[in-house]
Every structure is written in C-alpha cells, then in structure tokens.
Amino acid sequence: MQYKIHPIVMGTKVFDKGMMTYQHDYGKSYTIPIYCWYVEGGDKKILVDTGEMQPIKSEDREKAIGGPIYTFEEGLAKYGLTPDDIDIIIHTHLHNDHCENDYKCSNAEIYVHERELEHIHNPHPLDFRYLEDYIEDVEENGQLRVITENEKEIVPGIRVMHTPVHTAGGLTIFIDTAEGTVAITGFCIIDENLNPSAEIRAQEMEVIPPGTCINPTESYDIMLKVKSMASRVLALHEPRYAGVETIG
C-alpha cells in the first residue's frame with residue numbers, strides 16, 4: 001500500500017526560536033505551523049494529530065509560515081471529509097496543540113503511547129502543555145488504543161515507533177509512499193534540527209535536538225536513528241510544508 005500525505009495547518013505559535021533548536025538561536029522570534037496530516041490511501045481515513053480547536057488566522061501569521069491556516073472543519077473539507085468520517089487518529093504526542101479536535105471525531109480509533117496517557121493525567125509542573133480536558137471525552141468513549149510496544153503496525157504500510165525525544169511517549173510515524181518511506185517525527189522540530197548549518201556541522205553535530213527535550217543526548221541519538229530509517233523525514237513543525245499540498 002502506498003499513501004499520500006497532506007499537511008494541513010491548523011494553528012501556529014510565535015515564540016523564541018530556541019524552543020526548537022537546543023542551545024542555538026535564542027532571542028530570535030519564530031513562527032511555527034501546527035499541522036494535522038491527512039494520510040490518504042487504503043480504505044481508512046487517517047489523521048496524524050488534530051491541531052488546535054480555535055487557531056489564530058491572520059495575514060501576518062500566514063505570511064510567516066508561507067501558507068493558509070484552517071479550522072479543523074475547513075481543513076478536512078478540502079478533501080471532502082468531515083470529523084465523523086475519520087477512522088483513525090495517530091498521535092505524535094498529547095500536548096494540547098496536537099489533540100484539541102479529537103473529541104469531534106466520534107468514530108475514530110485514536111492511537112497514543114501509554115507514556116503520553118500517564119503524563120497527560122499526571123503532568124510534571126515543568127510541562128504545562130498537557131491538558132487532559134482534550135482527551136477526557138474520547139477516553140470515556142473507549143476510543144483510545146494504547147500502544148505499549150516499541151514498534152507497532154497500525155495498518156499495512158503505516159507503522160509507529162516509540163521516540164521519546166520531546167516527550168516521554170512520542171511516536172514517530174513511518175508511512176509507505178511512492179517516493180519511499182516517509183517519517184513524520186514524533187517530536188517538535190523544524191528542518192534545521194535535521195539538517196544543521198555548516199557552522200554547526202563543523203562542531204561535529206549531525207542534528208540539533210529540540211529546544212524542549214527530555215534528554216538531549218538520547219534525543220540526538222534517536223533523531224539519527226529516525227533519519228536512517230526513512231527516505232524522507234518530515235519535521236513536525238517545519239514552515240515550508242504549509243504551502244505544500246501533497247507529499248509522497
């Protein structure tokens with residue numbers, strides 16, 4: 001089975017670039033898109049993450065990321081879908097901006113790593129991005145499919161791997177496409193994290209861990225492993241995909 005991946009911007013954040021690039025570029029304002037990825041192919045309607053419930057839509061933010069910002073319903077409608085049509089949601093992690101629209105998808109099976117459930121129900125004070133309100137409905141409805149393995153096939157041609165980089169239960173999604181295996185990172189990075197400048201490579205660094213990570217040295221090693229396992233790696237918050245219709 002070969003799939004196509006459609007990045008849909010369903011939110012943005014403006015913050016210090018150092019939130020993305022560990023030990024680099026602090027003090028620079030940076031705008032990131034928040035994606036919901038529609039994975040087209042097969043007999044299931046599949047999303048990776050669901051974005052923000054009420055995204056800020058402004059000319060300035062769209063210019064900063066190079067593409068349009070949609071509400072959840074608008075983004076799905078581009079592909080003739082409604083929230084009720086979604087069969088499967090796969091979560092990279094459960095920070096609020098990645099799961100705010102889950103409750104709208106009443107027919108979906110929602111895949112999440114067990115460590116993310118632990119943290120959303122009992123977050124550490126340092127991690128304020130976990131808000132259990134956004135998953136209580138789907139949890140009560142029995143929609144969650146909790147992953148305990150290191151690797152798991154979700155459907156033929158789509159599998160996940162536990163990648164605890166940005167969060168303890170991060171899942172990277174590997175998708176078979178016409179251009180080979182494409183990975184959507186289970187951690188919050190931009191392209192620069194995967195492909196550092198010559199100046200940084202001269203310091204013998206092949207990747208840059210996320211600015212917010214649970215262990216920088218382990219994160220570095222996991223990122224290298226993900227790069228070795230896919231023909232193309234999609235950084236979870238890279239702005240240049242905001243103007244791209246289809247990948248793969």
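A residue counts as buried when its relative accessible area is under 20%, as exposed when that value is over 50%, and as partly exposed in between. Glu-114 has a relative accessible area of 30%, so this residue is partly exposed. With that yardstick in hand, here is how the rest of the chain looks; keep in mind that the model is a predicted one.

Let's start with the overall build. Seven helices and 11 strands make up the secondary structure of the protein chain. The radius of gyration is 17 Å, close to the 18 Å that the globule rule gives for 248 residues, so the chain is as compact as a globular protein of that length. Taken along the principal axes, the box filled by the C-alpha atoms is roughly 50 × 40 × 40 Å. Of the 248 residues, 53% are buried. Contacts tell us how the chain folds back on itself: take those between residues at least 6 apart in sequence, and 64% of them join residues at least 24 apart.

Next comes the outside. About 10,600 Å² of the protein chain is exposed, and 46% of that area is supplied by carbon and sulfur atoms. As for charges, the chain has 21 positive and 42 negative ones, and the mean positions of the two groups are 6 Å apart.

Now for the aromatic rings. Four aromatic pairs turn up in a search of the whole structure. One of them joins Tyr-35 and Tyr-241, which form a tilted pair with 6.4 Å from centre to centre and 55° between the planes. Tyr-35 sits in strand E2 (residues 29-40) and Tyr-241 in the segment after strand E11 (232-234), so this pair ties together parts that are 206 residues apart in sequence. Tyr-35 and Tyr-241 are both buried. Another tilted pair is made by Tyr-38 and Tyr-79, with 5.4 Å between the ring centres and 45° between the planes. Here too, distant parts of the chain are linked: Tyr-38 belongs to strand E2, while Tyr-79 is in the loop between helix H2 (72-77) and strand E4 (88-90), 41 residues apart. Tyr-38 and Tyr-79 are buried as well. Ring pairs also bring Tyr-35, Trp-37 and Tyr-241 together in a cluster.

Two members of that cluster show up again around Ala-235, a residue in the segment after E11. Leaving out residues up to four places away in sequence, Ala-235 touches Trp-37 and Tyr-241, along with Thr-185, Ile-189, Ile-190, Asp-191 and Leu-194. The relative accessible area of Ala-235 is 0%, so this residue counts as buried. For a sense of distance, the C-alpha atoms of Ala-235 and Ile-90 are separated by 16 Å, with their places 145 residues apart along the chain.

Back to Glu-114, where this account began. Glu-114 lies in helix H3, which covers residues 114-121. Setting aside neighbours within four places in sequence, Glu-114 is in contact with Val-146, Ile-147 and Thr-148. From the C-alpha atom of Glu-114 to that of Ile-32 is 27 Å, and these two residues are 82 apart along the chain.

His-95 is another residue to look up in the model. The loop between E4 and strand E5 (109-113) holds His-95, and a relative accessible area of 1% makes this residue buried. Beyond neighbours within four places in sequence, the contacts of His-95 are Asp-127, Arg-129, Tyr-130, His-166 and Thr-167.

Finally, a look at the backbone. Gln-23 has a phi near 65°, which is a positive value in a residue other than glycine. Asp-49 is not a glycine either, and its phi is also positive, at about 65°. Both residues are in loops: Gln-23 in the one between strand E1 (4-16) and E2, and Asp-49 in the one between strand E3 (46-48) and helix H1 (59-65). Their surroundings contrast, though: Gln-23 is exposed, with a relative accessible area of 53%, whereas Asp-49 is buried, at 0% relative accessibility.

Terms used: Residues numbered from 1 in each chain as written. Predicted model: local features only at pLDDT ≥ 70, side-chain atom pairs only at ≥ 80, totals over all residues. Heavy atoms only, no water. Helix = DSSP H or I, 4+ residues; strand = E, 2+ residues; numbered from the N terminus. Rg over C-alpha atoms; globule rule 2.2 N^0.38 Å. Buried < 20%, exposed > 50% of the residue type's maximum accessible area, 1.4 Å probe, protein only. Contact = heavy atoms within 4.5 Å. Areas by Shrake-Rupley, 256 points an atom, 1.4 Å probe, with all protein chains shown as cover. Lys, Arg positive; Asp, Glu negative; His and termini not counted. Charge placed at Lys NZ, Arg CZ, Asp CG, Glu CD. Phe/Tyr/Trp six-rings, centres within 6.5 Å; stacked < 30°, edge-to-face > 60°.
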